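The following report looks at charged and aromatic side-chain contacts, and at where the residues that form them are placed.

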Amino acid sequence: MFKRITLLLFLLPAIMTAMAGCPELKMEVKRLPDLNVPRAGHAVFVANGELTVVGGHTSGFVPTATAEYYSDGEWHLINTVYTHDQGICVPMSDGRVMLAGGHEKELGIGQTYTVEFYHPTTHSFEGYGCLDKKRTWACGIELDSGRVVISGNWYSDDGMEQFDGSRNLTALRPVAQQRSKPYMLRTAKDNAIVFSASDEHGDTIHDIIVDRIKGEPFTPPLFSTWRPKYLHYPPLCEESDIGHGTYLLPVEDGTGQLAIAQVQGETFSMLPTDAPVPMTFHQQPITYFSPVIADSLAQRAYITGHDDSSRLFVLSVDCTKKPAALTLFYTEPMDSLEVHVKPVLTPDGNLALIGGMSESNFEPSTVSLLLCVGTEAKADIMAEAETSTHLAWWLLPAGALAIVAIVFLAIKVLKNNKPLKPQESAAPSTDLMLRLRQLMDEQKPYLNAELKLQDVADMLNTNRTYVADCIKAATGQTFTLFINTYRVEHAKQLLAQHPDKKMSAVCTESGFGNETSFFRTFKTITDVTPNEWKLKNTDSIENNS
């Protein structure tokens, strides 16, 4: 009986917060300099720490063979080899970015075979080869072997094909279901799954089938009730990775209610949240238009939306909380709102909306916006969440009555039971910290990008709680920050000893899962970017020599 009461007392704050709904917080929006070329249907990503846009179509619905990167407070215009309007974008582990396919003609007509690579360190494009099928509205994913698998198409046959380093991509296997704008998620080192809510004509797929690169197709039970939300742009695999191979995606039921699903391996389940996803703001419906954009470093994820009054919204999902805590960021009505564009996570942990269109493909935009939801907003989120919790406790009569009833019952039960024996202290020991430091110095487990707290606990023959408490007591750091500190120190050694080494290689060899996390973590810990640190310390080494 006592355990049941304790459980109710433990869950009550979350229950009361859910009854009150998620906090609403006004969001600061900064306007970056405009693009040189109006564009929609373009790829947006961060490469070598720089916001980058490639291709798309410009005014008049005409494909543009240009790209732009953001550096020193302005957009720099460069030429691509081919046009990629609604094309394929695959960031590679070696630092290159593969661009492929897209519409062949103006007005979004046809598909293309073209493949090229972007080299961010030299801001140059290299025409490379040819797809096996003409494609647009497709998606690609790089596996651990370096092989790239591509699937999806628009008004043409689908199927999987692969890039293995040769100039021409080759057919891999057929698919059980024709798709456009698919999700592709990595499930193992050399395997992935692909699925979508829309077929090759953009029509709704009612019975969704998931294809595997290796293995037979299957249908997750979750899709009998919830289905992936239709997206205007295919998501990139790493964009929805919240960490340790867990991917998040927006799903909706038959009523249009949005929720968040999580995919671990090939298991689909719902992400528990402390409140339902808000579908209205001041009685106006919210339309969510983006995939989940995950910040694996901060363990937070975002979905963007808008309403008919030209307000912009960002739903923040804090995955450090169990259940995940939701916060709705909002803006005041905006003069111009381009929503047919996918947000990208910046190295500072904010979101950028670059270009896009509001009404017509014939009039794309040059507007670049920075949505401030990163580290600076975190304290506001926490304060807002705390306020909402207090409101839930004090302003809801039913909650107050429940508290009184449970406390009264708990006192009554405790009077009729013997006192519990105090548990032994779980204070972390100095010896454990010494063994942990020795493990880091000798075996360097932090160089494994998939390292988990449980892995370290297993290496030390203890439990994860002791390790986390030990690190917190000795350093004041979380496990993630503790490990990332070692990774940054390793990266600094590589930069100092091998100044010609590519940043993508430094990132991978230091144990970081992707360049975005690498650049953000490095700057958080050192207050400078990796490039700034290398420039400063290379100069110091040359001067001393």
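Burial is graded here by relative accessible area, with buried meaning under 20%, exposed over 50% and partly exposed in between (1.4 Å probe, protein chains only). This is a predicted model, in which local features need pLDDT of at least 70 and side-chain atom pairs count only at pLDDT 80 or more, while totals for chains, interfaces and linings use all residues. Residues are numbered from 1 along each chain as its sequence is written, and side-chain values use heavy atoms, with hydrogens and water left out.

**Salt bridges**

A salt bridge is a side-chain nitrogen of Lys or Arg within 4 Å of a carboxyl oxygen of Asp or Glu, and a search of the whole structure finds 18 of them. The table gives three, including the separation of the closest N and O atoms.

| Basic residue | Acidic residue | N to O distance |
|---|---|---|
| Lysine 214 | Aspartate 190 | 3.5 Å |
| Lysine 229 | Glutamate 252 | 3.9 Å |
| Lysine 342 | Glutamate 239 | 3.4 Å |

For lysine 342 and glutamate 239, the bridge links distant parts of the chain, 103 residues apart: lysine 342 is in the loop between strand 31 (325-330) and strand 32 (344-345), and glutamate 239 is in the loop between strand 20 and strand 21, where strands (E, at least two residues) are DSSP runs numbered from the N terminus. Both lysine 342 and glutamate 239 are buried.

Is aspartate 190 buried or partly exposed? Aspartate 190 counts as partly exposed because its relative accessibility is 23%, and lysine 214, at 47%, likewise counts as partly exposed. Lysine 229, by contrast, counts as buried at 15% relative accessibility. A further group, Lys26, Arg311 and Glu332, is linked in a network of salt bridges.

**Aromatic rings and charges**

Rings of Phe, Tyr and Trp (its six-membered ring) pair if their centres lie within 6.5 Å, with planes under 30 degrees apart counted as stacked, over 60 as edge-to-face and the rest as tilted. The structure holds 22 such pairs. One of them is the tilted pair of tyrosine 70 and tryptophan 75, at 5.1 Å centre to centre and 50° between the planes; tryptophan 75 is buried, with a relative accessible area of 6%. Phenylalanine 117 and phenylalanine 163 also form a tilted pair, with values of 5.7 Å and 55°, and both residues are buried.

A charge sits over a ring if NZ of Lys or CZ of Arg is within 6 Å of the ring centre and within 35 degrees of the ring normal. The charged end of arginine 167 sits in this way over tyrosine 128, 4.1 Å from the ring centre.

Definitions and conventions. Helix = DSSP H or I, 4+ residues; strand = E, 2+ residues; numbered from the N terminus.
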